Amino acid sequence: MCGIVGYVGKRQAQPVLVNCLKRLEYRGYDSCGIALLGKNLEIYKDAVRIESLEKSLRPNSSHTGIGHTRWATHGKPSQINAHPHTDCSGKIAVVHNGVIENYLQLKEQLTKEGHTFRSDTDTEVIPHLIEKYYQGNLEQAVSRAIVDITGSYAFVAMHADWRGLVVARNESPLVLGVGDKEYIVASDVPAVLDYTDRVIYLEDGDIGVITENALRCTSNGKQVERTEHRIPWSMEEAQKAGHEHFMIKEIHEQPRVIRNTYKGYISALEPVVNLGIAKNTDLSDILILACGTSYYASLVGKHVIQSLSQIPVRVEIASEFNYSDTVLGKTWVVVVTQSGETADSLRALKKAKESGCRTLVITNVVGSTATRIADETLYITAGPEICVAATKSFIAQLIMLYLLALAWSSAGVRSRAGLITELRQLPNKVQELLDREEEIAEQAKYLARYENVFFVGRGINFPIALEGALKLKEISYIHAEGYPAGELKHGPFALLTPDTPVVALAARDNTYETILANIKEIKARESPVIAIAEEGDDEIDKYVDFVIRVPRVDPVFSPVVNAVALQLLAYYTARERGCPIDTPRNLAKSVTVE
Ligand code: G6P
């Protein structure tokens with residue numbers, strides 16, 4: 001979604017804002033803009049990337065400013081629709097993330113009252129409302145303006161006559177970085193890491209008044225204190241460290257991420273996983289809710305938890321659950337969300353809580369909104385993930401779901417011990433695969449020529465087929481679909497031709513023989529087949545065109561190595577096609593609107 005930033009403090013605001021916007025670009029990159037305090041407000045904005053905007057900036061010594069990187073919801077990307085938006089006088093500027101649901105009524109009313117609008121955005125009503133209520137005090141005007149607004153927002157407002165910022169939040173993320181005689185406002189943590197690791201998260205309904213030396217927070221007119229958190233991520237982690245793209249850097253971090261995620265939860269002395277989460281004695285079932293890649297991780301989690309703990313598990317896409325009559329009994333609701341800010345997942349989490357369910361969130365971001373709603377939180381410690389397409393957070397989510405299954409496993413001590421030993425070997429196995437990435441890059445040259453690809457898998461690897469297809473389509477723009485291997489003949493077979501390659505996940509579990517049969521059926525339709533198969537499986541070579549080898553692991557962990565192989569395949573295919581891998585068109589890392 002959109003990224004907002006604001007700066008008040010001892011430094012010159014312009015370079016700080018530009019730097020923060022570059023760090024937030026993964027949230028939206030249709031357009032961008034900044035406003036700086038001067039005699040009047042100095043505003044630069046356009047439907048360009050931040051690097052281009054930067055070239056048009058004139059030197060400015062102001063210490064106060066705001067900035068925005070846009071992911072269009074209302075109005076196409078254009079100079080007029082780019083933020084900051086201003087009021088009629090041009091003295092008030094606002095950057096906003098979220099959706100103002102009643103903006104059409106507000107616009108009509110304000111127009112009757114003499115306000116003139118220039119853009120197609122919902123945001124533009126905010127500066128005009130503030131102008132309507134402004135009587136010399138920006139905080140009071142913002143407090144009054146938000147009474148009229150319905151919808152989600154995190155916005156920063158500034159006034160040409162005052163060296164400070166006013167921020168407000170409702171259902172959209174807002175972080176305040178706390179430095180020495182400075183504050184940095186941002187939608188997400190990576191934006192502030194160059195300046196501080198101390199952050200404060202505002203709550204829904206909060207208004208913050210920020211000057212160089214002070215932050216004052218109010219909620220419903222009363223002063224409130226908000227806790228300061230320390231972010232355990234370093235600045236280096238949020239940079240490319242010599243890699244061509246964040247995506248490949250993040251793929252390569254996965255052995256460490258796996259280790260970090262299980263470290264601390266597995267006893268060194270006995271085969272026990274302790275997450276510090278007690279199992280309800282009267283638990284009837286588990287419902288996992290998630291969106292996007294997190295949803296696919298949850299589908300793998302369902303297989304593992306069910307098979308190890310014998311507890312029934314359902315998985316639903318959060319945005320669908322929000323409009324469904326899903327029956328919740330003594331259900332334990334687990335929400336999986338990398339960012340902890342996805343609007344649909346937050347709404348689902350609230351709905352589950354209101355139904356009286358115990359709730360757990362699995363997330364990567366300390367202090368994110370989801371952690372403040374859920375009863376319990378498990379952190380996946382993947383570190384900052386900047387590429388829009390999720391990789392290391394997906395693998396870390398898988399590991400956390402394995403840990404959950406193992407913690408509640410009803411399997412005997414011996415088989416649990418065996419699985420824990422296997423889990424500990426996973427970082428090395430993934431490293432072995434990464435060391436052979438050149439081989440996968442070769443296969444990618446082949447795949448890059450096609451426009452339609454199917455991914456098939458069975459059982460625990462069906463979700464990996466879905467994830468493989470998602471990765472390929474989002475970064476290479478090749479149309480890709482994931483299918484359960486047995487379903488292909490119920491329709492998609494009509495699309496199979498020599499120009500439709502199929503990537504088949506052939507795990508050595510109880511699905512192996514059937515998937516071989518499915519591969520033969522596909523080959524009979526003359527589609528090229530690339531198999532993802534484990535080392536030592538020579539049988540598969542007889543039936544397919546290419547084989548991508550993955551290290552041998554216990555079949556229950558095959559989703560991990562298979563997913564990494566498909567990440568590399570997607571990455572190198574997109575690279576071969578010259579795509580903007582870290583920032584694919586039309587996408588955003590954190591989707592904060594429903
Ligand atoms: C966006 C991102 C995906 C992510 C999904 C869910 O679509 O581009 O990579 O999987 O949101 O995000 P979450 O933060 O809830 O895991």
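## Note on salt bridges and helix packing

1. D161 is exposed, its relative accessible area being 51% (buried means under 20%, exposed over 50% and partly exposed in between, with a 1.4 Å probe and protein chains only). The model is predicted, and so local features need pLDDT of at least 70 and side-chain atom pairs count only at pLDDT 80 or more, whereas totals for chains, interfaces and linings use all residues. Residues are numbered from 1 along each chain as its sequence is written, and side-chain values use heavy atoms, with hydrogens and water left out.

2. The side chain of D161 meets that of K91 in a salt bridge, with 3.0 Å from N to O (a side-chain nitrogen of Lys or Arg within 4 Å of a carboxyl oxygen of Asp or Glu). This pair links distant parts of the chain, since D161 sits in the loop between β7 (151–159) and β8 (165–170) and K91 in the loop between β5 (85–86) and β6 (92–100), 70 residues apart (strands are DSSP runs of E with at least two residues, helices runs of H or I with at least four, numbered from the N terminus). Unlike the exposed D161, K91 counts as partly exposed because its relative accessibility is 28%.

3. A search of the whole structure finds 38 salt bridges, and one of them deserves a careful look. E182 forms a salt bridge with R11, whose closest N and O atoms are 2.7 Å apart. Because E182 lies in strand β10 (residues 182–186) and R11 in the loop between β1 (3–9) and α1 (13–24), the pair ties together parts that are 171 residues apart in sequence. E182 counts as buried at 1% relative accessibility, while R11, at 31%, counts as partly exposed.

4. D206 and R226 also join their side chains in a salt bridge, at 2.7 Å from N to O. D206 belongs to strand β12 (residues 206–210), and R226 to the loop between β14 (222–224) and β15 (228–230), so that distant parts of the chain, 20 residues apart, are linked. D206 is buried, with a relative accessible area of 0%, but R226, at 24%, counts as partly exposed. Elsewhere, K249, E253, R256 and K392 are joined into one network by salt bridges that share partners.

5. Which residues does S31 touch, leaving aside those up to four places away in sequence? They are D46, A47, V48, H68, T69, R70, P77, S78 and A82 (contact means heavy atoms within 4.5 Å). S31 itself lies in strand β2 (residues 31–37) and counts as buried because its relative accessibility is 1%.

6. Helix α8 (residues 292–309) and helix α12 (residues 392–407) have axes that come within 9 Å and cross at roughly 20° (axes are lines fitted to C-alpha atoms over the stretch in contact, and angles run from 0 to 180 degrees between N-to-C directions). The two are therefore roughly parallel, a term for angles under 35 degrees. Their contact is made by residues including Y296, V300, V304 and L308 of α8, and F394, L398, L401 and A405 of α12.

7. Helix α7 (residues 254–262) packs against α12 at an angle of about 30°, with the axes 9 Å apart, and α7 is therefore roughly parallel to α12. From α7, the residues Q254, V257, I258, T261 and Y262 meet K392, I395, A396, I399, M400 and L403 in α12. K392 is thus found in this helix contact and in the salt-bridge network with K249, E253 and R256.

Terms used. Angles under 35 degrees count as roughly parallel, over 145 as roughly antiparallel, 65 to 115 as roughly perpendicular and the rest as oblique.
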